[in-house]
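Visitor: I would like to learn how to read a model of paired chains, feature by feature. Please give me the general idea each time, and then the case at hand.

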Protein chains: 2
Amino acid sequence: MKIGILGSGMVSQTLSVRLADLGHEVMVGTRDPNKLTDWVRSAGVKVKIGSFAVAAAHGEMVFNATAGTGSMQALNMAGEVNLSGKVLVDISNPLDFSNGMPPSLSVYNTDSLGKQIQRAFPSVKVVKTLNTVNANVMAYPRKVADGDHDVFLSGNDVKAKAQVAEILKSFGWLHIIDLGDILTARGVEMYLPLWLHLWGNLQTGLFNIKVMR
Amino acid sequence: MKIGILGSGMVSQTLSVRLADLGHEVMVGTRDPNKLTDWVRSAGVKVKIGSFAVAAAHGEMVFNATAGTGSMQALNMAGEVNLSGKVLVDISNPLDFSNGMPPSLSVYNTDSLGKQIQRAFPSVKVVKTLNTVNANVMAYPRKVADGDHDVFLSGNDVKAKAQVAEILKSFGWLHIIDLGDILTARGVEMYLPLWLHLWGNLQTGLFNIKVMR
């Protein structure tokens with residue numbers, strides 16, 4: 001599949017390599033293509049680089065892997081015309097580091113970044129997922145407890161969630177919990193402070209939670 | 001141990017019966033003792049009833065099991081003089097149901113109800129715990145996955161957390177994660193929206209999360 005990934009940080013780099021290794025045609029969208037030159041030249045990286053708009057136009061499915069506080073601007077630069085009708089996999093977190101550590105959330109409670117994006121781009125099928133784990137766990141879930149842990153899906157479009165679930169399974173995800181519509185994105189975004197405190201406590205990002213019954 | 005439990009709802013009732021069964025001298029504190037008359041008369045309930053102030057004075061350890069939006073008022077009625085120097089186990093959640101379901105949080109992000117209580121009552125040793133599971137799981141953790149799941153502790157006083165951990169172990173808790181100081185209470189309180197969406201999804205409150213590595 002042709003996949004566009006918006007953002008140039010570690011999450012974007014990890015996921016784009018993983019998706020390319022799985023046979024997808026990946027284009028990373030960034031404000032400044034030059035800053036990825038060295039990374040793209042390094043051995044094994046088989047992804048294209050473009051502007052936000054060109055990467056969004058390239059993708060049959062598009063990932064939002066930008067920093068949460070810059071996501072709206074990045075998506076506006078990508079342009080609704082290039083996203084319309086497509087599945088937008090929103091893996092971002094609205095973390096605000098402007099007051100130091102630990103970060104606060106810039107949107108929360110009854111609202112969420114996932115919901116804001118869905119409101120701003122009604123013709124896009126937003127699916128929130130993967131934001132509850134670090135980049136390594138997103139792309140290689142078997143690195144943690146042989147994959148015995150959960151990832152969540154939130155979104156209004158059932159078919160879009162099924163398509164995203166297939167991508168997640170190809171990464172190695174075994175347990176995928178469909179939380180419901182995009183309202184439930186607030187749940188996985190507001191989980192981040194607990195994730196951050198666990199990360200500080202465990203001294204590793206290689207962890208995740210499992211729902212036990 | 002003499003234990004005071006503030007609040008008269010299901011959480012208070014479940015925990016007070018559990019603690020009494022474990023041999024503690026329990027007094028439930030409530031605004032309106034009359035509304036608990038039938039419950040206390042029912043078979044097997046061996047707890048005393050008093051005002052918030054009398055129950056707080058009774059306890060060597062005090063539980064805050066009031067509804068989160070009423071906790072500050074209840075604790076003020078209990079009185080700092082009756083709480084001073086004691087361990088206050090804060091199991092409340094700042095859930096605001098005034099706009100219907102799902103509830104929002106009345107305090108969040110860089111602050112939390114646990115932290116607010118610690119600020120308002122600096123001479124009290126606040127330990128946030130148990131708020132991430134329902135009353136049944138709090139008191140009888142082995143009902144879920146034979147106890148193979150996690151409960152969290154947040155608080156500034158290491159000795160107070162150790163005392164609370166002993167109570168949790170007596171309930172049957174096997175895995176207790178000390179997240180750090182009272183700042184980390186924001187993590188367990190902001191987890192509630194995810195808990196609520198999981199509850200809606202699983203159609204049971206008999207679940208919890210386990211941190212997998």
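**Reading the contact and the fold**

Guide: The contact draws on 32 residues from chain A and 33 residues from chain B, two residues being in contact if their C-beta atoms, placed from the backbone, lie within 7 Å. This is a predicted model, in which local features need pLDDT of at least 70 and side-chain atom pairs count only at pLDDT 80 or more, while totals for chains, interfaces and linings use all residues. Residues are numbered from 1 along each chain as its sequence is written, and chains are lettered from A and ligands numbered from 1 in the order in which they are written.

Visitor: Which element gives the most to the side of chain A that touches chain B?

Guide: That is α10(A), with six residues; helices (H or I, at least four residues) and strands (E, at least two) are DSSP runs, numbered from the N terminus.

Visitor: In what sense do β11(A) and β11 of chain B pair?

Guide: Strands of a sheet pair through backbone hydrogen bonds, either parallel or antiparallel. Here β11(A) and strand β11 (residues 208–212) of chain B pair in the antiparallel sense over five bridges, where pairing requires that DSSP finds at least two bridges between the strands. Within this pairing, Met212(A) stands opposite Asn208(B) in β11(B).

Visitor: By what turn can chain A be laid on chain B?

Guide: Two copies of a chain are related by a rotation about an axis and a shift along it. A turn of 180° and a shift of 0.0 Å along the axis lay chain A on chain B with an RMSD of 0.0 Å, the copies being superposed by least squares on the C-alpha atoms of residues with pLDDT of at least 70 in both. The two copies are thus related as by a two-fold rotation axis. Moreover, 100% of the interface residues of chain A are also interface residues in chain B, so the copies meet through the same surface.

Visitor: At what angle do α4 and α6 of chain B pack?

Guide: Two packed helices are described by the angle between their axes and the distance between the axes. Helix α4 (residues 71–78) and helix α6 (residues 113–120) of chain B pack at about 30°, with their axes 11 Å apart; axes are lines fitted to C-alpha atoms, for helices over the stretch in contact, and angles run from 0 to 180 degrees between N-to-C directions. That makes α4(B) roughly parallel to α6(B), a term for angles under 35 degrees. In this contact, Ser71(B), Met72(B) and Leu75(B) of α4(B) meet Leu113(B), Gln116(B), Ile117(B) and Ala120(B) of α6(B).

Notes: Parallel < 35°, antiparallel > 145°, perpendicular 65-115°, else oblique.
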